[in-house]
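Student: I am new to this structure and would like to learn how its terms are applied. Please begin with the word that describes protein residues beside a strand.

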Protein chains: 2
Amino acid sequence: MQPKAPQTDTSRDRILSASAILFREHGYAGVSMRKIAESCEMKAGSLYYHFASKDQILTEVLNIGIQKVHAAVARSLSDAPAGATVIDKLKRAISGHLHALLEYSSFTSANVRIFRQVPDEIQNSNLEVRRAYEALWDGFLQELQDAGELRNDVDPRSLRLMLIGALNATLEWFDPALGNISDLADRYADMLANGALKKGDS
Amino acid sequence: MQPKAPQTDTSRDRILSASAILFREHGYAGVSMRKIAESCEMKAGSLYYHFASKDQILTEVLNIGIQKVHAAVARSLSDAPAGATVIDKLKRAISGHLHALLEYSSFTSANVRIFRQVPDEIQNSNLEVRRAYEALWDGFLQELQDAGELRNDVDPRSLRLMLIGALNATLEWFDPALGNISDLADRYADMLANGALKKGDS
DNA sequence: CCTTCTACCTAACGTTTGTTTGAAATATCC
DNA sequence: GGATATTTCAAACAAACGTTAGGTAGAAGG
């Protein structure tokens, strides 16, 4: 089945979308410029009118993957009403992450799956964007801790590593056509907040 | 920095180890037979004495990645003393997973990172091994639920998806040279059992 | 309508890839 | 030590790769 690039505004966007889909399915090195071009109903040489190199396409795909998620979570956090409970805030943040993650899944999957495989210079250039998103979560969880909402023996950074790990893994199995993202977010928030065991088993 | 294959018993093992390291760092398509051979201090043609194809190397690397983890968790579960508490059992299972995951991290990382990028026939051939491991966890978590240890609103399969997602993400940031795997396992078990929030916030 | 700009195509280049085959080197066995 | 088996090397092949440069078609502007 040959993936088709979605019909977006410009050829440049079409190339990026097609690239994201192909990179996540075949890895970076497994996707040739000819394959990307074919997916856009173009020829490989044409891609160089829009992008300087394959590496530049990759760099932008990786950045888009993170920026979408970052913007969504930032918005979720700032939209929270003043009297929101901690569980409500957590649900909002997780919901923001999951909605963006799963709605832009070609870009986000591409990032999650191939980040560690790409040339070092490109990894390094994506690290800033990644660090900014991590800092957003770390800030949020640190607030929860400062407010006395997190258990004293829970480190916010460790919690973030675990939480993002679990959330990003949904890319491998969750299908938005079959399930409801908000329900998923609620379940994950509940589990991370309260755990899986019945009380009294600790 | 040119990775060196660890000194193992046979050339065949050396090729597999080198391949796992290279696949996880560069993806499947990003690693040539010449690179693998060089890593083993051989030439590319020599690899064909031991393996029929690059795809065969890949298939074996992927299988090893899962089999190590499966064996460790199975052993952890069967070694649990008769009177073990549920939190103890959970700790054991998680510890088994994490120890294998992080000790054989070249193979397990290769699997986790590149599984979705490899040719379909190879994905399909690895699926059986994956399904068997998933079934091991599902069985264990179902026992916990049947024993009334899990919350009634927690689905064992969903819990497994979340748990394995979180555990496998440790491959990206945990360094066994800097941290203690058993401590990590204990923390993860505790978090997944009891959650991150102070009681009373649900 | 003519000129200029935009966006794509084509052909080609040098390099890299997985693989094969026969030769040579090394290891093992009697 | 010589014969045999195992293991590796070297050279080569066809195909594929990222990229370049010139050409062309169509759109836009005056």
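Tutor: A residue is called near a molecule or strand if one of its heavy atoms lies within 4 Å of it. The model is predicted: local features need pLDDT of at least 70, side-chain atom pairs count only at pLDDT 80 or more, and totals for chains, interfaces and linings use all residues. Residues are numbered from 1 along each chain as its sequence is written, chains are lettered from A and ligands numbered from 1 in the order in which they are written, and side-chain values use heavy atoms, with hydrogens and water left out.

Student: Which residues come nearest to DNA strand D?

Tutor: There are 17 residues around DNA strand D, and B:Ser11, B:Lys43, B:Ser46, B:Tyr49 and B:His50 come nearest. Of the atoms of DNA strand D that come within 4 Å of the protein, 57% belong to sugar and phosphate.

Student: What makes the approach of B:His50 to DNA strand D a polar contact?

Tutor: A polar contact is a pair of N or O atoms within 3.5 Å; within protein, one must be able to donate a hydrogen and the other to accept it, and residues adjacent in sequence count only if both atoms are side-chain atoms. An N or O atom in the side chain of B:His50 is 2.5 Å from a phosphate oxygen of DNA strand D, so the pair meets the definition. The side chain of A:Arg34 has an N or O atom 2.9 Å from a base oxygen of this strand, while that of B:Arg34 has one 3.5 Å from a base nitrogen. Two or more residues of the surface near DNA strand D are given by α2 of chain A and by α3 of chain B.

Student: What makes a run of residues a helix, and how many helices has chain A?

Tutor: Helices (H or I, at least four residues) and strands (E, at least two) are DSSP runs, numbered from the N terminus. By that rule chain A has nine helices and zero strands.

Student: How is the surface near DNA strand C divided by class?

Tutor: Ala, Val, Leu, Ile, Met, Phe, Trp, Tyr, Cys and Pro count as nonpolar, Asp, Glu, Lys and Arg as charged, and the others, Gly among them, as polar. On that basis, the surface near DNA strand C has six nonpolar, seven polar and four charged residues. A phosphate oxygen of this strand lies 2.6 Å from an N or O atom in the side chain of A:Ser11, and another such distance, 2.8 Å, involves the side chain of B:Tyr48.

Student: Why is A:Glu41 called exposed?

Tutor: Buried means under 20% relative accessible area, exposed over 50%, and partly exposed in between (1.4 Å probe, protein chains only). A:Glu41 has a relative accessible area of 64%, so it is exposed. This residue is found in the loop between α2 (33–39) and α3 of chain A, and its phi is near 55°, a positive value in a residue other than glycine. Most residues other than glycine have a negative phi.

Student: Why is B:Asn180 called partly exposed?

Tutor: The relative accessible area of B:Asn180 is 41%, and therefore the residue is partly exposed. B:Asn180 is in the loop between α8 (156–169) and α9 (181–194) of chain B. Its side chain reaches the backbone nitrogen of B:Ser182 at 2.9 Å and that of B:Asp183 at 2.8 Å.

Student: How do you know what relation joins chain A and chain B?

Tutor: Copies are superposed by least squares on the C-alpha atoms of residues with pLDDT of at least 70 in both. A turn of 180° and a shift of 0.0 Å along the axis lay chain A on chain B with an RMSD of 0.0 Å. That is the relation of a two-fold axis. The same surface serves both copies, as 100% of the contact residues of chain A recur in chain B.

Student: What do the two chains share in contacts and in buried area?

Tutor: Contact means heavy atoms within 4.5 Å. By this measure 42 residues of chain A are in contact with 42 residues of chain B. Buried area is the accessible area (1.4 Å probe) that two parts lose on being put together, summed over both. For chain A and chain B it is about 4,000 Å², with 57% of it on carbon and sulfur atoms. In chain A, the residues that lose the most area to chain B are A:Arg151, A:Met162 and A:Leu197, together 18% of what that side buries.
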